[in-house]
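I opened my notebook to look up a few things in one structure. Come along and follow my entries with the model in view.

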Amino acid sequence: MVTDAGTIDDKSFNQGTWEGILEYQEDHPEVEVQYLMPTGETTQDYLEAIDNLAMTGVEVMVLPGFKFEEALGVAQERYPDINFIAIDATPLVGEKEDGTLLYEVAENTISIFFTEQQASFLTGVAAALESQTGKVAFLGGVELPAVQKLGWGFVAGVAYANAHLGSDVEVVDYIYQGTFTDLDAGKSIAAGMYDKDVDVILAAAGVVGVGAINEAKTRAESGDEVYVIGVDVDQYDEGLMQDGSSVMLTSAMKYLGQAAYEQIEAHVNGEFDGGRVVMMDINANGVGLPTENPNLSDKTMDIVNEVVWAVQDGVIEIPSTKEDLLLFLDELNQDFGDLNY
């Protein structure tokens with residue numbers, strides 16, 4: 001594996017993916033695994049790390065994150081004997097004459113994406129049922145499709161709970177900070193949200209989200225009942241305080257490790273089916289909430305599980321675009337004001 005920006009123990013995308021690789025090794029001790037961290041965040045940095053790993057004779061390479069698109073476009077052609085598992089990335093191979101970007105998944109590559117909006121929809125339902133102030137908010141990092149879908153799903157979940165589950169909760173802020181790296185900005189934005197009586201923030205923002213978690217911990221340790229919702233992996237431990245409790249209400253999870261595990265197993269069994277894009281949804285057990293949610297009541301979990309079944313059965317169709325979200329809100333007669341969806 002080549003890590004995306006950040007460390008292997010980032011409690012997020014890198015760690016979640018790497019844990020799946022380690023789990024496969026645990027089940028198959030004869031398998032050798034390793035990872036490299038790029039020296040920077042440019043395409044050349046990522047490609048250099050891929051080159052260095054390729055020289056060690058690896059058979060499979062896992063690349064987690066959209067920043068690998070350009071490097072992967074080169075690598076999949078340069079190393080036809082290596083199978084690439086791209087997570088949240090499609091290989092970028094060039095541009096058309098009109099300037100349109102050209103993507104192509106080669107036979108030695110599989111691109112895996114997730115229906116983030118389904119996971120965040122469940123967290124929106126949970127937030128609406130657990131909120132004590134009746135005010136929640138969304139904090140995004142960079143306005144990218146995966147982050148956007150998390151926000152849209154969260155808002156839709158709150159709206160659904162208001163319309164069908166008896167809650168009366170408002171989404172009062174919907175903000176993109178613009179980076180995934182500004183810790184202090186995350187803390188400051190979260191402070192502004194909590195000052196508006198918000199008690200639950202979904203933070204889909206990397207290190208910016210960690211800043212929000214730190215702000216929540218500061219306030220919780222002073223007696224305020226405030227929470228953050230994590231993304232990608234179970235971030236409960238990131239929110240732990242001195243008394244052993246956590247400010248993480250729950251997390252909108254993408255089962256990154258499982259996706260890596262399954263594709264490595266496919267390679268080992270000679271069943272790697274490259275040249276395609278795979279969408280991991282709730283029916284494929286690709287997204288959901290953590291197995292354990294200490295800050296959600298049993299009643300809330302029972303209701304969330306009923307919602308999961310309804311989504312799986314197609315009874316609830318969760319919006320995955322801004323236009324669909326606005327239609328969804330209109331159909332439920334839910335209006336949260338002039339927010340920047």
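Here are my entries on a helix, a sheet and a cavity.

**Entry 1: a helix.** I kept in mind that this is a predicted model. I looked up helix α9, residues 298-312. At 1.5 Å a residue, its 15 residues should span 21 Å, and the end C-alpha atoms are 21 Å apart, so the two values agree. Next I asked: which residues of α9 are buried? I found Thr300, Met301, Ile303, Val304, Val307, Val308, Ala310 and Val311. A reminder to myself: an α-helix has 3.6 residues a turn, so residues three or four places apart point the same way. I then checked what covers the buried residues of α9, and the cover includes α4 (116-130) and α5 (145-164). After α9 I came to Gly314, whose phi is positive, near 80°.

**Entry 2: a sheet.** I traced an open sheet of six strands in the order β7-β6-β8-β9-β10-β12, and its pairing is mixed. Why does one side of β7 and of β12 lack a neighbour in the sheet? Both strands stand at the edges with a single partner strand each, so one side of each is left free of a neighbour there. I followed β12 to its pairing with β10 (residues 248-254), which is antiparallel over two bridges. There I saw Lys254 opposite Val287 of β12. Helix α6 (residues 183-195) packs on the sheet and touches β6, β7, β8 and β9. Its direction makes about 165° with that of β6.

**Entry 3: a cavity.** How many cavities of 30 Å³ or more turn up in the whole structure? My search found two. The largest cavity holds about 40 Å³ of space. Its lining includes Asp234, Tyr236, Met248 and Pro290.

Terms used. Residues numbered from 1 in each chain as written. Predicted model: local features only at pLDDT ≥ 70, side-chain atom pairs only at ≥ 80, totals over all residues. Heavy atoms only, no water. Helix = DSSP H or I, 4+ residues; strand = E, 2+ residues; numbered from the N terminus. Expected span 1.5 Å × (residues − 1). Buried < 20%, exposed > 50% of the residue type's maximum accessible area, 1.4 Å probe, protein only. Contact = heavy atoms within 4.5 Å. Pairing = 2+ DSSP bridges. Axes fitted to C-alpha atoms, helices over the stretch in contact; angles between N-to-C directions. 1 Å grid on protein atoms, 1.4 Å probe; cavity = no way out; pocket = protein on both sides within 12 Å on 5 of 7 lines; lining within 4 Å. Points joined across faces, edges and corners; volume = space filled by probe spheres on them.
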